[in-house]
Every structure is written in structure tokens, then in C-alpha cells.
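Visitor: Could you walk me through this one?
Guide: Gladly; here it is.

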Amino acid sequence: MNAAATIRDYYEALRRGEPLYPYFAERPDVVKFGVGERLVGYDAIAEGLREQTRTTEDWTVESDDLRVTERDGYAYFSDSVFMSWTDREADHEYALTTRWSGTMERRAVGDEDDEAEWLFVGMHVSTPYVD
């Protein structure tokens, strides 16, 4: 799977309510910025994403402009994504146009070079500034 396919798969996992932390590199320096959060390190990201999956449902994730560049085992990406979801605990629905960007690294899974996976090492999701 290439980096772009991994990102699309991440979006689909979010829609289905599946675990998202396996998409991140298990490293202490991995970072995820969400609309209202900053998570540093794999353990913090895994816990934050578990909590998100536990407390939210009915995700819509519509990618509008995914751009991905792969280089020598690394990739960078950007996208414009409409998202909506329901926070079960607050009984509130959210709908946001967001900007995504980040970096990924390619990690060998087996002995064969084609058995590699792409993992996020940095992800930033934000909303555009409106004055």
C-alpha cells in the first residue's frame, strides 16, 4: 500500500469507528495535533484515539484535495477534509471544514521490500482561521 492509500484507509477506519492508533509509528517523538488537542508520543496518541473512538459516532469524512509526495521512505501530505460526527457524551453534533497535513515513514513489515507499511509520524488537523 502506498502513502496515499494509507491515508484513505485511515479516513475509512475513522468512518467505521475502527481503531486509529495502529496507523501511527510506535515512537516517543510522534505527534498528533487535532482540532482541540496536542498529543505527543505513541502512548498518548493511542489513548487519545481510543477515547475518541469510545465517545464519538456517525463520522463523515470527505476528502477534497489530498496531495501526497513520497520520497526515499518518507512522505508528506495535505488535504482539505469536511468532517462531521456526534459526541455521545455531550449529545452534540459537530461539522467542520478542516485542513490536514503531516508526515509519514515507510516501515518494512517482512523481508520483502513490497511488504512495507506507511505510518504517521506527524499529523496536524486544524480549522481555517475566519476573521
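Visitor: What do the buried residues of H2 pack against?
Guide: The buried residues of H2 (buried meaning under 20% relative accessible area with a 1.4 Å probe, protein chains only) pack against H1, strand E1 (31-34), strand E2 (37-40), E3 and E5. Helices (H or I, at least four residues) and strands (E, at least two) are DSSP runs numbered from the N terminus. This is a predicted model, in which local features need pLDDT of at least 70, side-chain atom pairs count only at pLDDT 80 or more, and totals for chains, interfaces and linings use all residues. Residues are numbered from 1 along each chain as its sequence is written, and side-chain values use heavy atoms, with hydrogens and water left out.

Visitor: Which residues of H2 are buried?
Guide: They are Tyr42, Ile45, Ala46, Leu49, Gln52 and Thr55.

Visitor: And what does Phe24 touch?
Guide: Setting aside neighbours within four places in sequence, Phe24 is in contact (heavy atoms within 4.5 Å) with Tyr10, Val30, Lys32, Tyr42, Ile45, Leu49, Leu119, Phe120 and Met123.

Visitor: Changing topic, where does Glu12 lie?
Guide: Glu12 lies in helix H1, which covers residues 3-16, and its C-alpha atom is separated by 7.8 Å from that of Val61, 49 residues apart along the chain.

Visitor: Which side chain does Glu12 make a polar contact with?
Guide: The side chain of Glu12 makes one with the side chain of Arg15, at 2.7 Å; a polar contact is a pair of N or O atoms within 3.5 Å, where within protein one must be able to donate a hydrogen and the other to accept it, and residues adjacent in sequence count only if both atoms are side-chain atoms.

Methods
Buried < 20%, exposed > 50% of the residue type's maximum accessible area, 1.4 Å probe, protein only.
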